[in-house]
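Welcome, and thanks for taking a look at this one with us. Please open the structure below and keep it in view while you read.

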Amino acid sequence: MTTDFERAREKMVKEQIIGRGIHDRKVLAAMRKVPRHLFVAEELQGLSYADRPLPIDMQQTISQPYMVALMTEALELSGDEKVLEIGTGSGYQAAVLAEICKIVYSVESFPGLHEKASALLRGLGYKNVVTTVADGTRGWPQHQPYDAIIVTAGAPDIPTPLLDQLAEGGRLLIPVGNHVSQQLKKVIRLADGFSEEMLLGCQFVPLRGEHGW
Ligand code: SAH
């Protein structure tokens with residue numbers, strides 16, 4: 001039996017994700033599979049497949065589905081990567097990544113969000129997501145280098161520790177700008193430095209911490 005949520009999720013993928021040019025099959029399969037409605041409060045579940053970010057606890061947000069898909073596609077994952085996420089939040093982006101790569105390390109600075117997200121991810125059976133409470137602007141040195149790093153909060157600048165912890169050939173996605181709006185940047189670590197590309201304008205909650213706001 002197909003549920004209303006499954007129907008809404010399929011519609012979301014068709015209209016918001018494929019309709020806007022995302023075509024990586026692994027990304028589409030992950031977006032089709034992860035039950036986004038379980039990552040928001042019950043009273044918001046009816047909106048969970050809408051084309052918008054939604055509030056979660058601590059005045060934070062779960063990103064718009066299109067932004068999650070776009071960032072995931074831009075990380076160019078083939079399946080055997082070690083990925084670092086800064087800003088676990090609801091855990092939704094971590095789940096999408098976990099569907100595609102080998103292991104996700106995800107850092108959240110609010111203990112309450114960390115606890116809720118890790119319990120949910122565990123409950124859903126994601127054994128390849130490892131979470132912690134820390135200031136993610138320092139990265140997670142213990143497990144470096146990372147094939148991909150995704151920052152899901154807006155930074156004033158690219159935190160140097162994240163560049164340091166990126167493997168050669170690795171991709172870093174990070175919104176950089178002010179408190180209101182940012183530009184999504186994609187950085188690639190080359191043998192002799194970094195390349196940087198601007199993808200699109202975006203609006204994320206602020207990245208706090210030593211190398212953040
Ligand atoms: N990826 C999340 C979106 C979370 S919103 C999801 O799919 O739901 C951004 C998150 O970044 C918030 O939860 C916020 O608390 C967290 N955050 C902000 N600054 C941080 C920092 N320095 N270290 C770790 N997490 C941080």
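## Polar contacts with the ligand

Let's begin at Thr152, where a polar side-chain atom lies 3.1 Å from a nitrogen atom of the ligand. This is a predicted model, so please read each distance as a computed value. Glu85 also faces a ligand nitrogen: an N or O atom of the Glu85 side chain is 2.9 Å from it. Glu108 meets an oxygen atom of the ligand instead, with 2.6 Å between that oxygen and an N or O atom in the Glu108 side chain.

How much of the ligand's exposed area does the protein bury? Taken alone, the ligand exposes 570 Å², and 99% of that is buried by the protein.

## The pocket and its shell

The ligand sits in the largest pocket. Several elements give two or more residues to the shell around it: strand S2 (61–62), strand S3 (82–86), helix H4 (92–100) and strand S4 (103–108).

If you would like a residue list to start from, there are 27 residues around the ligand, and those that come nearest are Gly87, Ser90, Glu108, Gly136 and Arg208. Glu108 is thus one of the nearest residues as well as a polar contact to a ligand oxygen. By residue class, the shell holds 11 nonpolar, 12 polar and four charged residues.

## A hairpin of two strands

Away from the ligand topic, take a look at strand S8 (residues 182–190) and strand S9 (residues 193–202). These two run antiparallel and are joined by nine bridges. Two residues make the hairpin connection from S8 to S9. To follow the pairing by eye, find Arg189, which stands opposite Phe194 in S9.

## Two backbone details

Most residues other than glycine have a negative phi, and most peptide bonds are trans. Two places here depart from that pattern, and both are worth a glance in your viewer.

Which residues does a cis peptide bond join? They are Gln144 and Pro145, with omega at about 0 degrees. Pro145 belongs to the loop between strand S5 (129–133) and strand S6 (146–151). The other place is Met58, which is not a glycine yet has a positive phi of about 60 degrees. Met58 is in the loop between strand S1 (54–55) and S2.

Terms used
Residues are numbered from 1 along each chain as its sequence is written. This is a predicted model: local features need pLDDT of at least 70, side-chain atom pairs count only at pLDDT 80 or more; totals for chains, interfaces and linings use all residues. Side-chain values use heavy atoms; hydrogens and water are left out. A residue is near a molecule or strand if one of its heavy atoms lies within 4 Å of it. A polar contact is a pair of N or O atoms within 3.5 Å; within protein, one must be able to donate a hydrogen and the other to accept it, and residues adjacent in sequence count only if both atoms are side-chain atoms. Accessible areas come from the Shrake-Rupley method with a 1.4 Å probe; for residues, only the protein chains shown count as cover. On a 1 Å grid over the protein atoms alone, a cavity is a set of points where a 1.4 Å probe fits but cannot get out, and a pocket is an open set with protein on both sides within 12 Å along at least five of seven lines; lining residues have an atom within 4 Å of a point. A molecule sits in a cavity or pocket if more than half of its atoms lie within 2 Å of its grid points. Helices (H or I, at least four residues) and strands (E, at least two) are DSSP runs, numbered from the N terminus. Ala, Val, Leu, Ile, Met, Phe, Trp, Tyr, Cys and Pro count as nonpolar, Asp, Glu, Lys and Arg as charged, and the others, Gly among them, as polar. Two strands pair if DSSP finds at least two bridges between them.
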